[in-house]
Structure formats: structure tokens, C-alpha cells
Amino acid sequence: MIHTHRSTLPNGARVTTVAMPGLHRAVVTVFARVGARNETRRTSGLSHLVEHMIFRGTERYPDATSFAIAIERIGGSLHAETGLDASLYQVSIPPEEVLGAIELLGEVFRAPRFADLEIEKRIIREEILEDHDETGHDVNVDNVARAAAWPNHPLGFRITGPPENVERFDLRDVRGHFARFYGACNLVVCAAGDIEAGRVRAAVARAFGRLARGKPSRVRPPTDGQRLPRFAFVQSPGSQTSIEAFVRAIPESDPDYMALVLLTRVLDDGLSTRLHRRIIDEHGLAYFVSAGLEAFSDAGAFEVQAQVAHDNAPRMLVEVLRLFQDLRARPVGADELDKAKRRYQWDLLASLDDPDTMAAWFGGAEFFREPETFAQRSARIDRVTQADLQRAANRVLDRRRLTVAVVGDLRRGRLRELRRL
């Protein structure tokens, strides 16, 4: 049985505890409401650079290695990532070391040194190169799809930013971005695991209570300007073509969101579901294919992605679009919907044993809404009907929301065929 508690420090920092008795691992996660959504083309990549720089030492631990040693001596492992709506900084530790982890994270956020900028920039350049081929083109098909779907909005920016921005950023940029977005009012500190909630809250107050309040983070909502399907192609040598059918979707607050969650699982949640059965078992077009759903604070993204032999790219797209049309034209069967619900409920139950998921569920949600309980989410799933799924399919799987991105070495005829489709 888990027990949650939410509170707010006088400076605006929010504290969430998720007590999960009996576990042998705990996490302390700091969520910061800053990401690519808070950037312009000129500052694109700056949130990611700050995330890389923040563990580059404090007054007590003057460099990245000494800070890492301090974390590892208490059995901890560091993890950080930058997203579109938020960034997170997490330490996974034995439950008895939670208070020490809170103090170490608090020190980082109180007075980061931001040392060794040029070293960290070199690391990020290597990270950026992972998405590029030998000709210098971005060949990450998801990057290509998002840039085409949101061409004039930060939702279409790469998290890392372009290489030229990374080259230009200096310490003034890093410190200015940190000062603007890392005030206490933009932070949530969440501890999950076998913890003593009262002691955790007191430790967070000591470690984070002296931070300046700062100004609330704001983002610009995307405009719904897409009226026709879009196509983006990057010519790149390789043994396969990557193809993604990307659909601008809906935020988690939308009444149809839970229906879209189940619709995604009807397509891709096990070897018997529609996407795997059609693309792999029936037509042998790919070794692996996936569907995914991502929700932002005010928008969403639904995508189907696969890698196929170059000549199979048009056939792959045909079958994906037929699957979309099937979901729009005919209600999902009662048995199929029931299976999707059951599998979702099982995943909910399994996550009750995972402190990472609990921290994300209850801590990460604080910026955008009051976190719902698992019982509330389960009840919402139970209420979804076949008609709800078909309505969501007709609303979201609409050609006017569709972007098709292709990265590969295609002959001119195959490329014309894809554009026509």
C-alpha cells in the first residue's frame, strides 16, 4: 500500500513523498519545469546544456568526479534528462540513504559551479553526432517528423539543439538560463520508496528552502495550423529506410485521452496486436515495429515507426494508413478492448512496485495538474467504450494531422510513390 503526501515550501518549491513500505530501493527526483518548450531558435539546446552542466561540481565537491564519488559512496546512481516540458535529476539509492541524497541534490541546486564548460560541450557534440550520418544530415526519423509537424514551434526543436548553438553558448548563457528557470517555484522534489515521509519533508526544507522563489516558467501553446498531411524526406545511405507516421495528438487533460491510450494499445501491446500482426506476421515487412503516445502539457504526439528494406517503404506506409482507416471505420471488438484494458490494469499494478514510476506519476504531474490516484486512473480506463475509441480514432487519426517522415536511400520512383501516398 502506498501513501502519498504533497506540500509546498514557503519559497514555492513543492515536495511530494510516496511511501512504499518493503521496497529495497528508493529514488529522489528533482523535476524542473524547463525544457525545449522554453527556448527559441537562438537558445535551442540551452536547457539540455544546463542539465549536463549541473553536476559539474559544487563548493564541497569541485568537479564532476568528486560529486559522483559522493553519490556512489551512499550507494547512489545519478540520472538526468531534458524533455520538452520539463527536466529531471534523479538519484537512485538504498532507502536508508535518502536523506543524504536530498542534501547532495540540494547542494547542486543551491550553488552549482558550472565548471568545465568546454569539456561538456564536446560531450554534447558527440551526442548530437549520434543522430547524423557521414554527410552531416540529421537521420533520426523522429527528429525529422517533429520538425515537419511543428515547423515554427519549440515542440519541433531537437532537445540537444543544433551544433552551431552549442558552439556559441558560454557561461553567461548557462548561468542566465539557470537563474531564469531554476527558481524554487519551478521545482518539485519527490522521494519514493521505503521512506519516512516526515523526515524526508524536513530534509527537503533544509536542502531546498533557501533557494530564491524565482518566476514561474511559461510556454507558448502550439497553434493548430496544419490542414493537410505533410511529408519530409532525408536522403541517407544505409541498409534500410526508417519511416514514421506521426500524428499531432491531444494532451492528457483531454476527455478523449484515455480512449487514445487504449487505441494505442490495440495497435501495439504484444505480439497479437494489430500492428505486429499486420506488418510482421502477415506481410513480413519489418523485424520490429512500434506505436507510441506522448502527452505534453497542451498537446500530444502519436507515432508509428519501423525500419524496412528500401523497396518496402511504400508498402509499409500503405499498411499503416490502412490500420488507421480500419480504426476510424469500424469499432474495436469488445474482446479486443477488454484485453487492452486488462493489460493496462496489470501494468498499473506492476508500477506500484517501481519507485521511478511513482516519482514520475506523482512528482512529475505536479506542474500540470493534481495527480490522480491509481484507483482514479483505473476507473477512467474501465469507463472507456468501443464508441469512445472510434471517436478518438476519427478525431486524432486524421490525415490533416498526419506527417510522414522518411530517412533512407530511395530511388526516385519509390520517393514519388511515397509522396503520392
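Mentor: Two strands are said to pair if DSSP finds at least two bridges between them. Helices (H or I, at least four residues) and strands (E, at least two) are themselves DSSP runs, numbered from the N terminus. The structure is a predicted model, in which local features need pLDDT of at least 70 and side-chain atom pairs count only at pLDDT 80 or more, while totals for chains, interfaces and linings use all residues. Residues are numbered from 1 along each chain as its sequence is written, and side-chain values use heavy atoms, with hydrogens and water left out.

Trainee: In what order do the strands of the open sheet of 6 strands stand?

Mentor: The pairing in this sheet is mixed. Strands β1 (3-8) and β4 (77-82) are its edge strands, each pairing on one side only. From one strand to the next the twist averages 15 degrees (axes are lines fitted to C-alpha atoms, for helices over the stretch in contact, and angles run from 0 to 180 degrees between N-to-C directions). The order is β1-β2-β6-β3-β5-β4.

Trainee: In which sense does β3 pair with β6?

Mentor: Strands of a sheet pair through backbone hydrogen bonds, either parallel or antiparallel. Strand β2 (residues 14-19) pairs with β6 in the parallel sense over 6 bridges, and T16 has C190 as its bridge partner in β6. For strand β3 (residues 26-32), V30 stands opposite V189 of β6 and V27 stands opposite A192. Over 6 bridges, the sense in which β3 and β6 pair is antiparallel.

Trainee: How many of the 7 residues of strand β6 are buried?

Mentor: Buried means under 20% relative accessible area, exposed means over 50%, and partly exposed lies in between (1.4 Å probe, protein chains only). L187, V189, A191 and G193 point one way from β6, V188, C190 and A192 point the other way, and all are buried. Strand β6 (residues 187-193) is therefore largely enclosed by the rest of the structure, the number of its buried residues being 7 of the 7.

Trainee: At about what angle to β2 does helix α8 run?

Mentor: Helix α8 comprises residues 197-208. This helix lies across β1, β2, β3 and β6. Its angle to β2 is about 155 degrees.

Trainee: Is E366 buried or exposed?

Mentor: E366 is found in the loop between α13 (355-363) and α14 (374-383). Leaving aside neighbours within four places in sequence, E366 is in contact (heavy atoms within 4.5 Å) with R6, R14, T16, V188 and P371. Because its relative accessible area is 8%, E366 is buried.

Trainee: In what order do the 5 strands of the other open sheet stand?

Mentor: The pairing here is mixed. Strands β7 and β9 stand at the edges with a single partner strand each, so one side of each is left without a neighbour in the sheet. Strands β7 and β11 pair in the parallel sense over 6 bridges, with V404 of β11 as the bridge partner of F231. The order is β7-β11-β8-β10-β9.

Trainee: Which residue caps the N-terminal end of α5?

Mentor: Helix α5 is largely enclosed by the rest of the structure, because 8 of its 9 residues are buried. The cover of these buried residues includes β7 (230-235), β8 (241-249), β9 (289-295), β10 (300-308) and β11 (402-408). At the N-terminal end, a side-chain oxygen lies 2.9 Å from the backbone nitrogen of D142, and the capping residue that supplies it is N140.

Trainee: What is the length of the polar contact between the side chains of R146 and D142?

Mentor: R146 lies in helix α5 (residues 141-149) and counts as buried because its relative accessibility is 12%. Among the residues that R146 touches, not counting those up to four places away in sequence, are L84, F246 and E294. A polar contact is a pair of N or O atoms within 3.5 Å; within protein, one must be able to donate a hydrogen and the other to accept it, and residues adjacent in sequence count only if both atoms are side-chain atoms. The contact joining R146 and D142 is 2.7 Å.

Trainee: How are α9 and α12 oriented to each other?

Mentor: Helix α9 (residues 257-267) and helix α12 (residues 334-351) pack with their axes 9 Å apart, at an angle of about 105 degrees. Angles under 35 degrees count as roughly parallel, over 145 as roughly antiparallel, 65 to 115 as roughly perpendicular and the rest as oblique. The two helices, α9 and α12, are therefore roughly perpendicular.
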